[in-house]
Amino acid sequence: MIKENSQGSVGSSHVDQPFYLAVGDEVGLFEAAYADRTPVLLKGPTGTGKTRFLEYMASRLSNNEGGKKVSLTTVSCQEDLSASDLLGRFILEKDGTRWVDGPLTHTVRNGGICYLDEVVEARKDVMVVVHSLTDHRRFLPIAKLDTVIEAHPSFLLVVSYNPGYQTSIKDLKHSTRQRFVAIEFTYPSIELESEILINEGGAEAAVAERLSALASNLRNLNNDYLIEGPSTRLLVYASRLISRGVSPKRACMSAIADVVTDDSVSREAIVEVITAYFGDSDT
Amino acid sequence: MMTNAANIVNRERIGEEVQVRPFELYFRALSGRDVTIEQYAPEDRTHYPDTPTTIRLPRTTAGIPKRSFYRLALAHRSLHVQLGTYDFKIDRIANPLLRNTLTPSEEDASDLEVFFAGFSDIALAKLIFETLEDARIDARLPLIYPGLRGQLQSAITSELLSRPDWNELPPRGALVEFALRRSMDPSINQVPQAIAEAAKNTSTIYDSLNLLEASVEDIAAACVQIYSVVTPLPNLGVLGESGTKVLDAFDSAKSIDSLWPSQWPDESRVRLEGDDVLLISLPGISYRGSIGSFLVKAPSASGPDHQALYHMRSMSEVEEGGEILTTKSTPSGPPEPLPHEHHDVSRHLHSHEEGSLRPMGSKTFLYPEWDKYQGQYRRNWCRVVQISPPGGGALERSVLQIRYAKELRRLRRAMDIPLPQAFVVERRAPDGPDIDYDAAVDALIDFRTGAGTNDFVYQDLRRTRRDISVLLLIDVSASTAERVEDAEPIESALPPDISPSPKLRPPRILDIEMISSLLCTSALDAVGDVFSVWTFSGTGRERVVLSEIKGFNEPMSGIVVSRASAIKPIHATRLGAAVRHCGMVLSKLQSQSKVLLILTDGRPFDIDYGTSYGEAESQSYALADSDKALWELSTAGIESYVLTVDPSGEEYVSELASAQVEILEDISSLPEKLLKLYKNLLDRDNKSPIHRQAAKGFKTTI
C-alpha cells in the first residue's frame, strides 16, 4: 500500500517493505540520485531514520526495477575500521593464501547499495579508497590484487554521518563531501512522528501524540543542555514499553530520561516535562 | 475528606525544598526560552513581576505542593509563548470595524501598544486582557499537557476559595472579580444582584469565545467588549449584601454584536467623582503571573510590546496606601544577585579545632597537610568536599560561541597541529588487514612439520592515542572578584537580543579565568582532546571545596558552560589540599602522562593555613605545604605547572620549586598562554621515551 502524505511524498506500509514515513522529499530525491548513480550523503541526528530509509529505498527500488533486487550492504563504521576491512584481504590456507572480498568490493562487483554508516568514525584511509567510486570513474583499485574493478551498473555508494557530535578532526573533508549529494534528516513533525509511533511502537494515537510532543519539547534542550535530544527510535522504545503495560511515566523515564543524560539536573528537568505530559503517577 | 495525617503530609510537601535549576531547564524545554527563576518570600507583597529573563515564583505555596505549583506556573507561562500571546497582530483582528480603527500612529509603536492606546483606562484594559488571555491559556493547558490537568484543577479550587468577597468591592471591581472567577470556572452562575446584568453580558462574551480555538486577536476583541461592559459601572463604595442572582443559561439568541461599544477608540475618560479612583486592585491568580510585564520575549514579538505593557502598568501604579501615582516611572526591580556572594566567613574564623578530621558524607576526602615548623605531616588535617555544581550560570554555550567566535577560530587554528593519529604496526596478530609474512612462513613450517598450528599470522595497525590527561585547576578564591580595570570590558552575559544595551564593566579575574578555560576547552574539544576543569576555594581546613566543571570523559556542552559561569568568587586558597585531591583524581587515570595545570591569582592563603604560627609564618607555612603537595605529585609521576596572574608572584614562586611556575603579566593573553602550554605538553608527550622505544622495537611508528 502506497500512500501520499501531506508533503506529497510517499510512505509505505507494504508487508514486504520496511515501514518508512517520508518527512520531506527524500524519497524522490534519492530515486533521482539513484537513477544516475550519484553518491548520496545522509546527514542527521541519531535515530532519525537514516538506516531505515535506506532499507526502505532498497526495497522500493527493487520493486521499481521490475523485481530485480537492489541489495543493501550496510557497514557500521568504527574507529578501527580500515580500508582493508572494506576491500578484502588474503586469508592464509594450508596451500597458500586466498583473497576474500570485503563488503565494498563485493558490492562493487555484484551491484546494489553499499552503505557506510557513520563514515567519519572510520580510519582516514577509508575515504581514500572510495574517492574513485564517487566520481565519473566508478572503479575500485585494489593494490593487493594489482587490479581495478569497474563498478556494477547498479552499484551506488551511500554514506551517513551525524554532524551534531563530531569533533572537527572527525568531520568530513570538503574534498570528500563534494562527491555526494546530501539529504538531510531532521526530527519529523509531531504528526508524522505520532504516526511512526503508532506503526512501529504499537502506541495508541493519544499516547503517540503525547510522546511526540514531549520529544519536541525536550529537543529544545539540545546542544546546550543535552548532547542530543530523544530520537524517534527512543520514542518507539517508550511506545513499546507502554504497549507492554509499563506506565507511561516509567516508560519515558526508562527509555528517554535515563538514556539521554546522566546529569542529575537535566534528568530532573526531563522528568518534570514527562510529568507534564503523563502525570505524576509512575505506576 | 482529607485526614489530619494527610493534611500534615500535604503541608510538608507544600513547604518542600525545590531546586530551581531543573525548573529553569523545564521552562526552556517547554518554551525554548532561557530564564532564571527567583523565589520570593510569601510575605513579600511587593515582589516584582517577571522579566524576559527572570521568572519570580513564591518560595512557599498554599493549597498545592510546591513542585506541582512550579510545574503548573511555568507551563502556563510557556503557553503564552507557544500560543502567541506576544505575537498579537492588528491585521489579524476579525472585526473590520475594530481593526480599521487601529492604525499605528508612530513608526516604532508595536501592535500591542497601538491596541492599548485605544483605551482610556489602560490598566483596566490590561487587567481584562490578561484575564481573558489567561482563560484561553488555561483552556488549552490540559489538552497540551494532560499530566497537569489535576494540578490545574487543584490550583483553581484553591484560588477560588481565596478570592475576595465581592460584596466588599465597588460595582466595577466586583464585575472584574466576576470576570476573573469566570476565567477559572465557566460554570459560575451566581452573582451579586447589583451587577447581574453586566455579569450576564460578560458571561455572554465569554460564551461566545471558543477558548480552544480563539486567537490572541479574538481575545483582544473580547477585551474591548468586556471593557465597555465594565466601565459604565461606578467604582465607588461597595456592593454590600444586595443578594445574589442566578444567571440565565447562555442566550444564543442575544447578538454578541450588541455588546460592542458604540464608539471606538474609547474617547471618553473614566469619570472621577468624589473618591472615585481609576484603579481596580484585585489579588492576582498566583500560578498565572502577569503577562504584561516582561514575562518572556517571544521570538516573534518585538521588545516594545513588553515595554509598552510595562509602562502602561506603571502609569496607574498604586502604592499600598491607595495613593495614585500617575507618573510613576518603571520600578527598578529587586537587586539582581551580586556578582559574587561573600558568605559569612567570620563564623569560620575560630574553628581552630585541633586534631584529625573525619569524613562527613559522601564525596568528602581527608588529606594530610605538611607542617614545615614541626617537620612532619598533620594526618587527616584537611577535608576536601567534591561537588558537581548544578550550573545555573547565565552564560550559554551558543552565546560563548557567538561572542568569542573570533577568539575560538584563532585558538582552533592554533590547535591545528599535526594530530597524533599515528599507528603502530602490530606483528603476529591474530587478525589484521595484512599477512605478516614472517609469521606466515613460520606457521606453515610448523603446520607441515606437525609442530602444530598458529593463527597469529597477520599484521594489524593499532592506533596510538595522545596519551595525556590534563587537569586544569582554577583558583576561585574571593580575590578573583577583583576587576581588571585595564582589560577589555565584557558585556553582560545576556544575549544581545534580550539585553540590547548591556552595561560594560571591566571583567573580574575570575571572568577572564573562566572564559579562557572555556575557550581552551572548546578548542580542545573541537579537535577531540580530553581535558578536565576544576575549581577550588575553601573556608578553612574543614571545608576545601573542589568543583568539577568538566570531567575527563565529558564532552564540551552547554552544561559545562552553565556550570562555569555559575561559579562565584568565594573565600580562600588552600592550595595544598586542592593539589592532593587533583593528584588523587589523576592517579586513577590510565594515561601515560598526567599533568596538573594550576591557574591562580595569588599566593596560597586560608583562614587557618598555618596562622597558629603567626601571620608572617603562615605565608611560609602555606607555601611549604603547597610545594610539598606538588612534590608528592611529582613522585607519583604527575607533572604540575602553576600559572599565576599575580603581578607580585616573583616574591614567592621560587618557593614552589616542585612545579614549573610562570607569571603571566598580561592576563588577557591567558587563553593563548594556556593553549601554548598545552601544546608544549603534547609536543613533549609525542616525543616521550615510550614512543621512541616503540620505534626501535618490533613496533614501527608510521
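A crossing of two helices is left-handed if the near helix is turned anticlockwise from the far one by less than a right angle, and right-handed if clockwise. In the predicted model described here, the crossing of helices H7 and H9 of chain A is right-handed. The axes of H7(A), which spans residues 190-201, and H9(A), which spans residues 232-243, come within 9 Å and cross at roughly 50°. The two helices are therefore oblique to each other, since an angle that is neither under 35 degrees, nor over 145, nor in the range 65 to 115 counts as oblique. On the side of H7(A), the contact is made by A:Glu193, A:Ile196, A:Leu197, A:Glu200 and A:Gly201, which meet A:Thr232, A:Leu235, A:Val236, A:Ser239, A:Arg240 and A:Ser243 in H9(A). By character, the residues of this contact divide into four nonpolar, four polar and three charged.

The chain to which this helix pair belongs, chain A, has eleven helices and twelve strands. Of the 283 residues in chain A, 45% are buried, and among its contacts between residues at least 6 apart in sequence, 64% join residues at least 24 apart. Five strands of chain A form an open sheet in the order E5-E8-E11-E4-E12, with parallel pairing. The edges of this sheet are formed by strand E5 (72-76) and strand E12 (181-184) of chain A, each of which pairs on one side only. Neighbouring strands of the sheet are turned by 20° against each other on average, direction ignored. At the E5 edge, five bridges join E5(A) to strand E8 (residues 113-117) of chain A, the two strands running parallel. Within this part of the sheet, A:Thr74 stands opposite A:Tyr115 in E8(A).

Two residues in loops of chain A are notable for their backbone conformation. A:Glu118 has a positive phi of about 55° although it is not a glycine, and its place is in the loop between E8 and helix H5 (124-131) of chain A. With 19 C-beta neighbours inside 10 Å, A:Glu118 counts as partly exposed, because a residue is taken as buried if 20 or more other C-beta atoms lie within that distance and as exposed if 12 or fewer do. A:Asp146 likewise has a positive phi of about 55° without being a glycine. A:Asp146 lies in the loop between strand E9 (139-142) and strand E10 (147-150) of chain A, and with 7 C-beta neighbours inside 10 Å this residue counts as exposed.

Chain B comprises 702 residues, of which 42% count as buried, and contains 20 helices and 18 strands. Of the contacts in chain B with a separation of 6 or more, 73% are accounted for by residues 24 or more positions apart. One pair of residues remote in sequence is B:Ser31 and B:Ala75, which are 44 residues apart along the chain and whose C-alpha atoms are separated by 8.4 Å. B:Ser31 lies in helix H2 (residues 20-31) of chain B and is buried, with 22 other C-beta atoms within 10 Å.

An open sheet of eight strands in chain B has the order E7-E8-E14-E13-E12-E15-E16-E17, and its pairing is mixed. Strand E7 (364-371) and strand E17 (660-663) of chain B are the edge strands, each pairing on one side only. On average, and with direction ignored, neighbouring strands of this sheet are turned by 25° against each other. Within the sheet, strand E13 (residues 532-538) and strand E14 (residues 544-550) of chain B pair in the antiparallel sense over six bridges, and B:Phe536 stands opposite B:Leu546 in E14(B).

Two helices of chain B lie across strands of this sheet. Helix H17 (residues 575-587) of chain B lies across E7, strand E8 (376-387), strand E12 (468-475), E13, E14, strand E15 (593-600) and strand E16 (638-644) of chain B, and runs at about 125° to E7(B). Helix H18 (residues 615-635) of chain B lies across E7, E15 and E16 of chain B, running at about 145° to E16(B).

Key. Residues are numbered from 1 along each chain as its sequence is written. Chains are lettered from A and ligands numbered from 1 in the order in which they are written. This is a predicted model: local features need pLDDT of at least 70, side-chain atom pairs count only at pLDDT 80 or more; totals for chains, interfaces and linings use all residues. Axes are lines fitted to C-alpha atoms, for helices over the stretch in contact, and angles run from 0 to 180 degrees between N-to-C directions. Helices (H or I, at least four residues) and strands (E, at least two) are DSSP runs, numbered from the N terminus. Two residues are in contact if their C-beta atoms, placed from the backbone, lie within 7 Å. Ala, Val, Leu, Ile, Met, Phe, Trp, Tyr, Cys and Pro count as nonpolar, Asp, Glu, Lys and Arg as charged, and the others, Gly among them, as polar. Two strands pair if DSSP finds at least two bridges between them.
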